[in-house]
Amino acid sequence: MNSASPPSPASRRSRFRFFVPILAGATWRDRLVACVGALVCVGATGLICSLLLGNDPHLPLLVAPMGASALLLFAIPSSPLAQPWSIVGGNTVSALIGLLVSRYVPEPAVAAGCAVAFAIAAMSLLRCLHPPGGAAALTAALGGPAVATYGLGFAFVPVGLNALVLTLLGIAFHRFSSHSYPHRAQAPTNSHGTKDLPSAQRVGFNEADIDAALSDVGETFDIDREDLDRLLRRVELHALARKHDLPRCADIMSRDLVRVDQHDDIETARRLLLDHAVRTLPVVDRENRLLGTVGLRELTHPGLRVRDVMSPAVIAHPNEPAVDLIAALTDGRHHAVIVVDDQERLAGLVSQSDLLAMLLRPLKREAA
């Protein structure tokens, strides 16, 4: 008797595609942080504006577009549409356009269409495209006498003031949420001060390839171009690890390490570096916990003890895929990644030579 095979994950996703989260990379923690941020900061915005504006019964303390702005600010803080100038400029400029349209276009339906269309055009030209700006334009254009009483000033108080206060609170909140805000894409740079491209960008695809792919697709995506580059390069690394079944850090790391105590003097560290012909020394405390690293470059800085000149270490854990170290070891600044256990105690070290030998191994097998 034949039994039907269970549906594949792909078929289940296709069947229930309307219920699948549409944000790539979103986690439950991120959603919880977004809810807490909106709860705290939208409430605080209303409180602060009430203190600044008094208790005018005809002037709203919060305008409706701030709810949509809060969604972007706290749920998608890396979006180009959620950055500070997008929130403040987009809402203020759109409200101003809505007020101007309401003066010269008496028909509400026509005024609504014109307000949103002109707002999109203005935000695009001013590089502050922000979806809630469309709502701000509608609010100003269709607000009637309650909005018209305040004239063009309504775009600045309360709309501009709401947007500014909410953005400032969002910046403060994201200091503690582990999100980068205002978001700055981490574009690779050449740390040697020469005109060469960074090592990671000399192989694989380049900027022209990304532009060509975007042109081929013909769609607009809510992601910064530099973020897209960084994401695609991470995809390449994971595909490489899967294809070649590359080892983990514990498989390739050195274990018998030359290390230096944080209380040792500078000359001791210099002698260890030269005697053992290594570029990086892990700096540890008496319990063998990693504190930082030191190399000849750090030893040129003024200081008496190693702890005075050491740099922060780039760390990994034994079970991490070794391919994840490629980015750190090809940035032009680091020659080794320090491997630590769960208690931050020194476990090993992966150098550029270790990583290169690992990457060459599958190529040698294919050639053979």
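**Close-up 1. Thr 92 is tucked away, at a relative accessible area of 12%.** The model shown here and in the views below is a predicted one. Thr 92 sits in helix α4, which runs over residues 84-104. Leaving aside residues up to four places away in sequence, Thr 92 touches Ala 155, Phe 156, Val 159 and Gly 160. Thr 92 counts as buried because its 12% falls under the 20% cut-off.

**Close-up 2. Helix α12 has a buried side, and Ile 266, Thr 268, Ala 269 and Leu 273 are the buried residues to look for.** The helix itself spans residues 266-276. Those four buried residues cover an arc of only 165° around the axis, so they end up on the same side of α12. What do they pack against? The partners are three strands, β1 (260-261), β2 (281-284) and β3 (290-294), plus the helix α13 (306-309). Now look at the face of α12 turned away from the buried side: here you'll find Leu 274 and Asp 275, both exposed.

**Close-up 3. Asp 211 and Arg 225 make a salt bridge between two helices.** Their closest N and O atoms are 2.9 Å apart. Asp 211 belongs to α9 and Arg 225 to α10, so this pair ties together parts that lie 14 residues apart in sequence. Are the two partners buried, exposed or partly exposed? Asp 211 is partly exposed, with a relative accessible area of 38%, and Arg 225 is partly exposed too, at 28%.

**Close-up 4. A nonpolar patch of about 440 Å² sits on the surface.** Its members are Val 217, Phe 221, Ile 223, Leu 231 and Val 235. Take Phe 221 as a landmark: it lies in the loop between α9 (207-217) and α10 (225-244). Phe 221 has a relative accessible area of 47%, which makes it partly exposed. The helices on either side of that loop, α9 and α10, are also the ones that hold Asp 211 and Arg 225 from the previous view.

**Close-up 5. Asp 285, Glu 287 and Arg 289 are linked in a network of salt bridges.** Zoom in on one pair: Glu 287 bridges to Arg 289, with the closest N and O atoms 3.4 Å apart. Glu 287 is partly exposed, at a relative accessible area of 46%. Arg 289 is partly exposed as well, at 36%.

**Close-up 6. Arg 345 pairs up with Asp 341 in another salt bridge.** The closest N and O atoms of this pair are 3.4 Å apart. With a relative accessible area of 34%, Arg 345 counts as partly exposed. How many salt bridges turn up in a search of the whole structure? The tally is 9. As a quick reminder, side chains of opposite charge can pair when their charged atoms come close.

**Close-up 7. Cys 128 and Cys 249 are both buried.** Cys 128 has a relative accessible area of 0%, and Cys 249 likewise comes in at 0%. Don't go hunting for a disulfide here, though: the structure holds 0 of them. A disulfide, for the record, is a covalent bond between the sulfur atoms of two cysteines.

Methods. Residues are numbered from 1 along each chain as its sequence is written. This is a predicted model: local features need pLDDT of at least 70, side-chain atom pairs count only at pLDDT 80 or more; totals for chains, interfaces and linings use all residues. Side-chain values use heavy atoms; hydrogens and water are left out. A disulfide is a pair of cysteine sulfur atoms within 2.5 Å. Buried means under 20% relative accessible area, exposed over 50%, partly exposed in between (1.4 Å probe, protein chains only). Patches are made of residues with over 30% relative accessible area and no salt bridge: like charges are joined within 9 Å, nonpolar side chains (Val, Leu, Ile, Met, Phe, Trp, Tyr) within 5 Å. Accessible areas come from the Shrake-Rupley method with a 1.4 Å probe; for residues, only the protein chains shown count as cover. A salt bridge is a side-chain nitrogen of Lys or Arg within 4 Å of a carboxyl oxygen of Asp or Glu. The arc is that of the directions from the helix axis to the C-beta atoms. Contact means heavy atoms within 4.5 Å.
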